[in-house]
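Trainee: Got a minute to go through a model with me? I'd like to get a feel for a few spots in it.
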Amino acid sequence: MEHTKFIITINRECGSGGGEIARKLGDILDISVYSKLALKSIEKKYNLTEVELEQIKASKRSWWDEFCHFYRQFGSMVDTTDRIEQEEEITSQKVYNAESAILKEAAQEESCIMVGRSSFHIFRNEPHVMKVLIIANKEARVERIMQKQQLTKEEAEAVVDKIDKTREIYTKTFAGCSRYDARNYDLVLNVTHIPTDHVAQFLAHIIQKRFHLG
């Protein structure tokens with residue numbers, strides 16, 4: 001029996017383990033997990049690094065503004081001949097639109113898990129979607145980042161704070177709401193004291209029931 005294609009969106013707080021949970025869930029359900037599909041595609045399209053792209057997404061300004069600001073810092077001259085055309089091409093709005101199109105195209109092909117990228121909003125009107133938010137206490141998130149990236153506590157706190165702020169700005173700008181608003185999701189899980197294996201198994205059970213999987 002062929003099952004209806006479905007989409008699982010997993011948005012998560014930095015350091016909550018949401019990415020790991022998504023990968024383990026994908027293994028259990030035997031479906032693809034897309035986390036940086038759109039990011040890598042857009043990086044290639046616009047010849048940007050991941051850091052540059054995330055800076056664009058965190059700002060309401062255009063890529064052109066960011067580009068000029070960067071070069072002014074070093075007193076460099078900007079060749080406007082080729083850049084003027086790109087002023088209208090690379091903006092945070094364009095990045096969001098491109099991400100949305102790439103993720104929607106992927107979701108048309110197969111059942112899948114979409115990690116981050118404001119996917120809860122992109123797929124909000126899809127009939128066969130389950131939207132999940134993974135959160136954890138800040139202390140646990142900082143500890144996880146410390147271990148994962150070999151950082152000091154102060155460095156890990158700075159990473160968590162910066163990514164939290166960036167993601168919130170991006171979500172408010174394009175989804176028009178806070179990513180912490182529980183009404184955006186079907187399920188919100190605080191996984192502070194729960195191993196990622198158990199969370200993945202729990203989600204798999206719910207999804208199998210929700211979409212009548214064998």
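Mentor: Sure, we'll take a strand, a loop residue, a helix and some backbone angles in turn. Keep in mind that this is a predicted model.

Trainee: OK, strand β4 to start. Is β4 largely enclosed or open?
Mentor: Largely enclosed by the rest of the structure, because 6 of its 7 residues are buried. The strand covers residues 129–135.

Trainee: Which strands are joined to β4 by bridges?
Mentor: One is β1, residues 7–12, which is joined to β4 by 6 bridges. Another is β5, residues 187–190, with 4 bridges to β4. β1 and β4 run parallel, and so do β4 and β5.

Trainee: Can you give me residues to click on? What is the partner of Ile8 in β4?
Mentor: Met130 is the bridge partner of Ile8. For the pairing with β5, look at Ile135, which stands opposite Asn190.

Trainee: Switching to Ser16. Where does that one sit?
Mentor: In the loop between β1 and α1, the helix at 18–29. With a relative accessible area of 6%, Ser16 is buried, since the cut-off for buried is under 20%.

Trainee: And what does the side chain of Ser16 reach?
Mentor: The backbone oxygen of Glu13, at 2.7 Å. A polar atom of the Ser16 side chain also lies 3.3 Å from the backbone nitrogen of Gly18.

Trainee: Which residues is Ser16 in contact with, leaving aside neighbours within four places in sequence?
Mentor: Ile134, Ile135, Ala136, Arg141, Arg144 and Val191. You've met Ile135 already, opposite Asn190 in β5.

Trainee: Next up, α9. How far apart are its end C-alpha atoms?
Mentor: They are 32 Å apart. The helix has 22 residues, 153–174, and at 1.5 Å a residue they should span 32 Å, so the two values agree.

Trainee: Which residues of α9 are buried?
Mentor: Among them are Ala156, Val160, Asp164, Tyr170 and Phe174. After the helix comes Gly176, with a positive phi near 70°.

Trainee: What about positive phi in a residue that is not a glycine, which ones should I look at?
Mentor: Try Asp30, with a phi of about 60°, and His212, with about 55°. They're worth a look because most residues other than glycine have a negative phi.

Trainee: Are Asp30 and His212 buried or exposed?
Mentor: Asp30 counts as exposed at 70% relative accessibility, and His212 counts as exposed at 65%. You'll find Asp30 in the loop between α1 and β2, while His212 is in the segment after α10.

Methods:
Residues are numbered from 1 along each chain as its sequence is written. This is a predicted model: local features need pLDDT of at least 70, side-chain atom pairs count only at pLDDT 80 or more; totals for chains, interfaces and linings use all residues. Side-chain values use heavy atoms; hydrogens and water are left out. Buried means under 20% relative accessible area, exposed over 50%, partly exposed in between (1.4 Å probe, protein chains only). Helices (H or I, at least four residues) and strands (E, at least two) are DSSP runs, numbered from the N terminus. Two strands pair if DSSP finds at least two bridges between them. A polar contact is a pair of N or O atoms within 3.5 Å; within protein, one must be able to donate a hydrogen and the other to accept it, and residues adjacent in sequence count only if both atoms are side-chain atoms. Contact means heavy atoms within 4.5 Å. The expected span of a helix is 1.5 Å times one less than its number of residues.
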